[in-house]
Structures are given as structure tokens and as C-alpha cells.
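Biologist: Can you walk me through this model? I'll ask short questions as we go.

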Amino acid sequence: MTIFSRYLIRNVFIGFAAAAGLLIPMFTTFTLINELEDVTPGGYRWQQALLVTVMTLPRSLVDLGPFIALLGGIVGLGQLSKSLELTAIRSAGMSIFRIALVMLAAGLLMNLSLGALDEWAASPLQQRALQMKNNALAQSNSNDVTVNPLWARRGNEFVTVKTVDENDQPHGIEIFRYQANRALESYIYADSASTAADGNWLLHNVMQKSWQGRKETINRQDSLLWRSLFAVP
């Protein structure tokens with residue numbers, strides 16, 4: 001490889017670095033913004049979102065490789081043309097065809113480097129980042145006390161279920177029973193329940209409150225059988 005060829009490759013790789021320095025921070029900022037939208041109080045924290053963004057940087061570099069190569073080649077050759085160095089190289093006897101071959105060699109070197117980066121760094125780090133995020137989001141869903149996706153009513157009795165686990169068993173059950181004048185008659189909260197095909201739920205870790213006039217009575221039980229409002233009649 002001649003001195004001119006090494007000089008061209010060096011300048012093209014400087015162009016690659018300049019293009020990467022322009023594109024990577026911009027797309028990393030977009031990635032961080034998207035990750036911060038998934039942040040939740042009890043699970044996926046902003047520190048984890050920042051770590052996921054950093055761990056997916058190699059993947060961003062691999063995905064942006066074609067654009068970096070295009071912009072880098074333009075920047076590298078454009079700078080040489082602007083300073084008339086490219087003209088001097090051609091005057092020294094280096095043909096356009098040889099310059100094109102040098103650019104092709106630079107592109108192959110970059111592709112090989114990105115392929116190695118993808119195999120040994122980008123893919124493993126991306127998998128670990130996604131696993132960490134999914135675990136945090138799952139923890140967030142199990143700890144979220146503000147979501148009540150299921151509601152039902154039967155007469156003056158209302159029930160809400162906060163969440164359902166992977167086995168379709170309800171968690172965070174609240175049962176409200178009202179008097180005819182809409183005054184609250186009783187309230188039941190259960191941490192979880194085991195459902196049966198006949199429509200009965202066995203509530204676990206139950207707290208019952210009832211009111212008679214201004215007197216409040218609290219009763220706690222390990223379990224309580226309850227006829228579900230979600231049962232099909």
C-alpha cells in the first residue's frame with residue numbers, strides 16, 4: 001500500500017469519526033427521550049434508562065454504519081478536494097480508479113469492524129439491556145398501586161381488581177357495599193384471590209370494615225369465600 005493510499009484511508013476514517021460524532025449523539029438523545037417515557041416510580045428508574053441507553057450505543061453505531069460511511073466518505077474526500085490535496089495526489093499519478101479502490105478498501109475495513117462490534121459487543125449488550133428493562137417494567141407493573149383495570153357492579157355492591165398475574169389470578173381486590181341511601185355499609189380488601197370455575201373466589205389476607213352509625217368495625221381473616229361479580233350467571 002502506497003503512502004498516498006494510506007493517506008487517503010486515514011482522511012476517510014477521520015471523516016467516518018466526524019460523521020459518527022455528529023450522528024451518534026443526536027440519535028442517542030432520541031433514544032434516551034424514548035427510554036425516559038417508560039420510566040415509572042416503582043420499577044424502571046431514570047438511572048436504568050440512562051444505563052440502557054449507554055448499553056445500546058454499540059447497536060446504534062452498527063445501525064448507523066451505512067450513513068456514517070456515506071457522510072464520512074463525503075467529508076474525507078471533500079476536505080482533501082477543498083485543500084487541493086486530492087488534485088495533487090492525482091497529479092502525482094494516482095488515477096481515479098485507484099482512488100475508488102482505496103475508498104472501497106476503507107469501506108470494507110469499516111464493515112469488518114462493525115461486524116466484529118456487532119458480534120462481540122452490540123448484540124450481547126442490547127440483549128442484557130432489554131432484559132434489564134423488561135425486568136424493571138415487570139416489577140413496576142407488580143408494584144403499581146394506581147391502576148384499577150377491572151370494575152364490576154351488582155346492585156349496591158362494587159368491586160375493583162388492581163391486576164391479574166400470569167396465571168389469571170386477581171390481586172388487589174376491593175369490594176364496596178352501599179346502603180340504599182348510598183352510604184358505605186362495608187368495605188373488603190384482599191391481597192389476592194384464587195378463582196374457581198363455579199364463580200366463587202377464595203380471598204386471601206382479607207381485611208373487612210363495616211359501619212353501623214358512627215361505629216366502625218375492623219375484622220381480619222386469612223381467607224374468605226366470595227361470590228364473584230365477574231362470574232357468568
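Modeller: Let's start with one ring. Phe158 is partly exposed, because its relative accessibility is 22%. Buried means under 20% relative accessible area, exposed over 50%, and partly exposed in between, with a 1.4 Å probe and protein chains only.

Biologist: What kind of model is this?

Modeller: This is a predicted model: local features need pLDDT of at least 70, side-chain atom pairs count only at pLDDT 80 or more, and totals for chains, interfaces and linings use all residues. Residues are numbered from 1 along each chain as its sequence is written, and side-chain values use heavy atoms, with hydrogens and water left out.

Biologist: Back to the ring. Which residue does Phe158 form an aromatic pair with?

Modeller: Tyr178. The pair is edge-to-face, at 5.6 Å centre to centre and 90° between the planes. Rings of Phe, Tyr and Trp (its six-membered ring) pair if their centres lie within 6.5 Å; planes under 30 degrees apart count as stacked, over 60 as edge-to-face and the rest as tilted.

Biologist: Where do Phe158 and Tyr178 lie?

Modeller: Phe158 is in strand S2 (residues 157-164) and Tyr178 in strand S3 (residues 170-178), so the pair ties together parts 20 residues apart in sequence. Helices (H or I, at least four residues) and strands (E, at least two) are DSSP runs, numbered from the N terminus. Tyr178 is partly exposed, with a relative accessible area of 26%.

Biologist: How many aromatic pairs does the structure hold?

Modeller: Five. Phe27 and Phe30 have ring centres 6.1 Å apart and planes at 80°, so that pair is edge-to-face. They are three residues apart in helix H1, which means about one helical turn separates them.

Biologist: Are Phe27 and Phe30 buried or partly exposed?

Modeller: Phe27 is partly exposed at 34% relative accessibility. Phe30 is partly exposed too, at 44%. With Met26 and Ile33, they make a nonpolar surface patch of about 360 Å². Patch residues have over 30% relative accessible area and no salt bridge; like charges are joined within 9 Å, nonpolar side chains (Val, Leu, Ile, Met, Phe, Trp, Tyr) within 5 Å. The areas come from the Shrake-Rupley method with a 1.4 Å probe.

Biologist: New topic. How many salt bridges are there?

Modeller: Six. A salt bridge is a side-chain nitrogen of Lys or Arg within 4 Å of a carboxyl oxygen of Asp or Glu. One of them joins Glu35 and Lys133, at 3.1 Å from N to O. Glu35 lies in helix H1 and Lys133 in helix H6, so this pair ties together parts 98 residues apart in sequence.

Biologist: Are Glu35 and Lys133 buried or exposed?

Modeller: Both are buried. Lys133 has a relative accessible area of 13%.

Biologist: What else does Lys133 bridge to?

Modeller: Asp38, with the closest N and O atoms 2.8 Å apart. Asp38 lies in the loop between H1 and H2, so that pair ties together parts 95 residues apart in sequence.

Biologist: Any other bridge to look at?

Modeller: Try Asp118 and Arg59, at 2.6 Å from N to O. Asp118 is in helix H6 and Arg59 in helix H3 (residues 57-63), 59 residues apart. As for Glu35, Asp38 and Lys133, salt bridges that share partners join them into one network.

Biologist: Last one. Which residues touch the most other members of the largest nonpolar core?

Modeller: Leu8, Ile68, Met94 and Val102, out of 20 residues. A nonpolar core is a set of buried Ala, Val, Leu, Ile, Met, Phe, Trp, Tyr and Cys residues joined through side-chain atoms within 4.5 Å. H1 gives the largest share, eight residues.
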